[in-house]
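Subject: Structure for you to look through

Hello,

Here is the structure I promised to hand over, and I would be glad if you could open it before reading the rest of this message. My notes follow below, and you may like to keep the view open while you go through them.

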Amino acid sequence: MEKVHSRPKSLKNVSSTYCPGCLHGVAHNLIAGTLDDFGLREKTVAFLPVGCSGLGLLYWNVDNIACSHGRAPAAATGYKRMLPDKMVFTYQGDGDLASIGLAEIMHCANRGENIITFFVNNGVYGMTGGQMAPTTLIGQKTTTSQKGRDIESTGYPLKMCELIAQLDAPVYVARFSLDSPINIKKAQKGIRKAFELQMAGAGYVFIELLSNCPTCWGMSTLDSLKWMKENSIPFFPLGEFKVPEGEEENGK
Ligand SMILES: Cc1ncc(C[n+]2csc(CCOP(=O)(O)OP(=O)(O)O)c2C)c(N)n1
């Protein structure tokens, strides 16, 4: 039998404790594969948040720093400025990045720090039991919006790529989805591009990855993927929102 995929060396040889069907593992694998391809494992430092996204520290075989809720961009900023030859990324959930850390991420992007942010948008606070997040969709039921999110009392879901893309400093801003093989392939390309840009010292990169949370959404894995296709992607359009100068935007 032909082996078509092996565990990247940038992932530890341990079993996953993520819930069945959770797409964090796919995101981890894509980032780890890219680090392997570019030989970056030993010079990469991951800045991790609290939340399920923070569990990356159990799986990536790279140095990491666990940051207080929402503060990964600030911690990563200081580190990268002191050690500019290191490859630095933050990996943050929507509660972490778009709620408590909103000021941190906007200022980090606006300063054009030479780091990558991976923003894993699953529409809920996963680890703490599925509370409403800034990216919860209109009408989506969560433990704190049991009749569905309503605009009147909670406003509209925040579109982080669109917000960050209108700043002058970021060089590459893109949204991908992990719901299907074809979209995972596109995400892989975007993640490669992100590290290429950091290696070139190009500036700030923001990559949003639409994800799921079968446990907190109260759905089977398959139903959660269908929900993403029918609800998340139409609201959060996929594609490149800002590309390096001289490149054409595509997919939007
Ligand atoms: C200052 C602070 N407030 C609240 C918490 C509790 N807390 C831990 S994880 C979490 C939710 C994180 O949700 P999200 O960022 O969406 O990540 P996910 O678990 O979905 O990956 C919260 C609120 C905390 N650790 N620190």
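Let me begin with a question to try by eye: is G239 buried, partly exposed or exposed, judging by the other C-beta atoms within 10 Å? Please keep in mind throughout that this is a predicted model. The count for G239 is 15 other C-beta atoms within 10 Å, and because a residue is called buried only at 20 or more and exposed only at 12 or fewer, G239 comes out as partly exposed. This residue belongs to strand β9, which covers residues 239-242. If you measure from G239 to C161, you should find their C-alpha atoms 9.7 Å apart in space, although 78 residues separate them in sequence.

G239 also appears in the surroundings of A174, a residue of strand β7 (residues 172-177). Once neighbours within four places in sequence are left aside, A174 is in contact with G190, I207, G239, E240 and F241. A174 has 28 other C-beta atoms within 10 Å and is therefore buried. By contrast with those contacts, the C-alpha atoms of A174 and T215 are separated by 27 Å, with their positions 41 residues apart along the chain.

The helices come next. Helix α1 (residues 24-38) packs with helix α8 (residues 181-199) at an angle of about 45 degrees, and their axes are 10 Å apart. That angle is why α1 is described as oblique to α8, and the crossing of the two is right-handed. On the α1 side the contact is made by V26, L30, I31, T34 and F38, while α8 brings in I184, A187, Q188, I191, R192 and F195. Sorted by class, this contact of α1 with α8 has eight nonpolar, two polar and one charged residues. As you look along the helices, it may help to know that an α-helix has 3.6 residues a turn, so residues three or four places apart point the same way.

One of the α8 residues in that contact, Q188, is worth selecting by itself. Q188 has 18 other C-beta atoms within 10 Å and so counts as partly exposed. From Q188 to G33 the C-alpha distance is 8.9 Å, even though the two are 155 residues apart in sequence.

A further helix to look at is α3 (residues 72-82), whose buried residues are A72, P73, A74, A75, A76, T77 and K80. What covers them includes the strands β1 (44-48), β2 (63-66), β3 (87-93) and β4 (116-121), together with helix α5 (102-111). The packing of α3 with α5 is at an angle of about 35 degrees, with the axes 8 Å apart. Here P73, A74 and T77 of α3 meet E104, I105 and C108 of α5, which gives a contact of four nonpolar, one polar and one charged residues.

Strand β2, one of the elements covering α3, contains I65. I65 is in contact with V45, F47 and A75, leaving aside its neighbours within four places in sequence. Because I65 has 15 C-beta neighbours inside 10 Å, it counts as partly exposed. The C-alpha atoms of I65 and P49 are 8.8 Å apart, and 16 residues separate the two along the chain.

Finally, there is the ligand: which residues are closest to it? They are G51, G93, G95, D96 and G126, out of 16 residues that surround the ligand. The elements giving two or more residues to this shell are α4 (94-100) and β5 (124-125), and α4 provides the largest share, three residues. By class, the shell around the ligand holds six nonpolar, eight polar and two charged residues.

With best wishes

Note on methods
Residues numbered from 1 in each chain as written. Predicted model: local features only at pLDDT ≥ 70, side-chain atom pairs only at ≥ 80, totals over all residues. Helix = DSSP H or I, 4+ residues; strand = E, 2+ residues; numbered from the N terminus. Near = placed C-beta within 6 Å. Nonpolar A, V, L, I, M, F, W, Y, C, P; charged D, E, K, R; others polar. Axes fitted to C-alpha atoms, helices over the stretch in contact; angles between N-to-C directions. Parallel < 35°, antiparallel > 145°, perpendicular 65-115°, else oblique. Left-handed = near helix turned anticlockwise from the far one by under 90°. Contact = placed C-beta atoms within 7 Å.
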